[in-house]
Amino acid sequence: MTVYIQSVGMTKFGKAENSTLKDLMLQAAHEALQKAPGMKIDAVYVGNFMGGSLANQEILGAIVANDLGLGYIPTAKLEGACASGGIALRQGVLGILSGEYENVLVVGAEKMKHASTADVTQVINSAMDRDTSEKHAGLTFPGFFGVLANRYFYETGASKEHLAMIALKNRENALNNPLAQFQKPTTLEEILQARHITSPLGLFDCSPTTDGAAAVVLTSKPTDIKVLASSQASGPTMMQDAIDLLSIPAIRISGEQAYAKAGVGPEDIDVVEIHDCFSMTEMLAIEELGFYPKREGWRAIAEGKTKVTGEKPVNTSGGLLSRGHPIGATGIAQIVQLVHQLRGTAPNQMAKQPRLALAQNLGGTGAYSVVHILERV
C-alpha cells in the first residue's frame, strides 16, 4: 500500500480577528476538498493543542465532519504539543497503510491571538514536564532554548549573529509568501538590536503566537506526490535528562527512521521545512537530520547554504519564525509548502523543481518529533 497527497489548503496566518477556531478549520479543509472533487472521505484527523484551553472548544474532528457533510465517519483530535499537526498527519498515513481507509482528511488548526500573552504562555508550558524541579525553577521554552544557544556558542565559534542570520533568512522567505504572518522587511542590525526575550535570544529569534489552519487530503489513489516515509520518535522531557545539551534525540531518531523507510539519505533531500520554534532550534535540527556535521551547522548558515538559492533550502515558507506558528496547524502547513515546492507552485519556488522534500515537526523541548519525506512522482 502507498499513500499519496491529493490536495492541500491553508488559511492566511496571523491575527484572524473575525474567525473562530471552527471557521479556520473549515476554511482550510474546504479548500483542500475543493481540489479533491468526487472523493469520499473515510476519516478525519485534526491536529490541535490548545482548543480546549483557549477557545473552550473540543470535538474538533466531529465538527469538521459534520459541518462539511462528510457523514458518520470516524474522527479524532490528536495532541502532541507543537507536533500535533505532524502526528495527525501520521495517523492519517497509518490509517491508509493499514487498509482501513482510502481517503483521509487531515486538518491542523489553532486560535491564539485573542488570548493574553500570559494565558498563552501558561498553556504552552503544559507541554513541559510540570512535575519536576525545572518547573519550580521557572524554566520556560525560551529559557530552555536560550540555554542551548549559550552552550552552542561556548562549544563552537558561533555567535548571536549566526542566529540572526537564520531569523533574517526566514523573514526574507516570508516576504514572498502571501499567507505568511510577517511580511515587513527587516535587517540583520534590527534583529541583533531587538529587545531580549531571554539571553541570547531576542524577539526575532522566537516564533510568534498565530491564528491559522492548514489541511491535506491523503489518498491511496496515485497522484503526483507520494508520502515516501512517515516516522515519529519521543525524547527526554526534562533538560536534566539530556545526555548532550546540543542534541535533541527525537529529531535525530525520527530522521534516521524516515531515511531508512524511504531508502534515501540527507544528501538526497532537495528542500526542507524544519520546526524553527526558535532560531536555535533550526540550528540544531539541520545537524540532527544529518544535513551538516554536529556543531558545524553555523558554518553552513554563514555561507548561505540553507537559503532558497543554497544547496539545502530550509524553510522556504518563512518557517515558524515568520510564516507563523499556529501550534496545531504548523505540521500541516509544512506539508502544504513542500507540496507546492514539488509541484512547482510555491512561494520562493526553487529554480530546479525538487523531487524529494522533508518536513520535521517538533513537540515540547524534544518530547516528540515527526518526520515525513515526500516524493514527486
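Is Arg 376 buried, exposed or partly exposed? Its relative accessibility comes out at 28%, so Arg 376 counts as partly exposed. Keep in mind that everything here comes from a predicted model.

**Two residues of strand S11**

Arg 376 sits in strand S11. Leaving out residues up to four places away in sequence, Arg 376 touches Asp 224, Ile 225, Leu 342, Gln 353, Pro 354 and Arg 355. With Pro 354 there is something more specific to look at: a polar atom of the Arg 376 side chain lies 2.9 Å from the backbone oxygen of Pro 354. If you want a long-range reference point, take Ser 19, which is 357 residues from Arg 376 along the chain. The C-alpha atoms of Ser 19 and Arg 376 are separated by 34 Å.

His 372 is also found in strand S11, which covers residues 368-376. Is His 372 buried or exposed? With a relative accessible area of just 3%, His 372 is buried, because the cut-off for buried is under 20%. Its side chain makes a polar contact of 2.9 Å with the side chain of Ser 230. Setting aside neighbours within four places in sequence, His 372 is in contact with a long list of residues, including Gly 86, Leu 89, Arg 90 and Val 93. Also among the contacts of His 372 are Val 227, Ala 229, Ser 230, Ile 335, Ala 357, Leu 358 and Ala 359.

**Helices packing on helices**

Two packed helices are described by the angle between their axes and the distance between the axes. Here are three pairs from this model.

| Helix pair | Angle between axes | Distance between axes |
|---|---|---|
| H7 (residues 141-155) and H11 (residues 279-288) | about 60° | 9 Å |
| H1 (residues 21-34) and H3 (residues 60-67) | about 55° | 10 Å |
| H4 and H14 (residues 330-343) | roughly 70° | within 5 Å |

Take H4 and H14 to start with. Their axes cross at roughly 70°, and H4 and H14 are therefore roughly perpendicular to each other. On the H4 side, the contact is made by Gly 85, Gly 86 and Leu 89, and on the H14 side by Gly 331, Ile 332 and Ile 335. Sorted by class, that contact has three nonpolar, three polar and no charged residues. Some of these names have come up already: Gly 86, Leu 89 and Ile 335 are among the contacts of His 372.

Now for H7 and H11, whose axes pack at about 60°. These two helices are therefore oblique to each other, and their crossing is left-handed. H7 brings Phe 145, Leu 148, Ala 149 and Tyr 152 to the contact, while H11 brings Met 280, Thr 281, Met 283, Leu 284 and Glu 287. The class count for this contact is seven nonpolar, one polar and one charged.

H1 and H3 pack at about 55°. They are therefore oblique to each other as well, but H1 passes H3 in a right-handed crossing. The residues in contact are Leu 21, Lys 22, Met 25 and Leu 26 of H1 with Leu 60, Ile 63, Val 64 and Asp 67 of H3. They divide into six nonpolar, no polar and two charged.

**A buried glutamate in H11**

Back to H11, which is also the place of Glu 288. At 6% relative accessibility, Glu 288 counts as buried. What does the side chain of Glu 288 reach? It gets to the backbone nitrogen of Ile 248, at 2.5 Å. Not counting residues up to four places away in sequence, Glu 288 touches Leu 246, Ser 247, Ile 248, Pro 249, Ile 251, Arg 252 and Lys 294.

**Backbone spots to check in the loops**

Past H11, in the loop between H11 and helix H12 (297-302), you'll find Arg 295. Its phi is near 65°, a positive value in a residue other than glycine. Arg 295 counts as partly exposed, at 22% relative accessibility.

Ala 81 has a positive phi too, near 55°. This alanine lies in the loop between strand S3 (75-78) and helix H4 (84-97). Ala 81 is buried, with a relative accessible area of 4%.

Finally, which peptide bond is cis? The one from Ser 199 to Pro 200, with omega near 5°. Pro 200 is found in the loop between strand S5 (196-198) and strand S6 (201-202).

Methods. Residues are numbered from 1 along each chain as its sequence is written. This is a predicted model: local features need pLDDT of at least 70, side-chain atom pairs count only at pLDDT 80 or more; totals for chains, interfaces and linings use all residues. Side-chain values use heavy atoms; hydrogens and water are left out. Helices (H or I, at least four residues) and strands (E, at least two) are DSSP runs, numbered from the N terminus. Buried means under 20% relative accessible area, exposed over 50%, partly exposed in between (1.4 Å probe, protein chains only). A polar contact is a pair of N or O atoms within 3.5 Å; within protein, one must be able to donate a hydrogen and the other to accept it, and residues adjacent in sequence count only if both atoms are side-chain atoms. Contact means heavy atoms within 4.5 Å. Axes are lines fitted to C-alpha atoms, for helices over the stretch in contact, and angles run from 0 to 180 degrees between N-to-C directions. Angles under 35 degrees count as roughly parallel, over 145 as roughly antiparallel, 65 to 115 as roughly perpendicular and the rest as oblique. A crossing is left-handed if the near helix is turned anticlockwise from the far one by less than a right angle, and right-handed if clockwise. Ala, Val, Leu, Ile, Met, Phe, Trp, Tyr, Cys and Pro count as nonpolar, Asp, Glu, Lys and Arg as charged, and the others, Gly among them, as polar.
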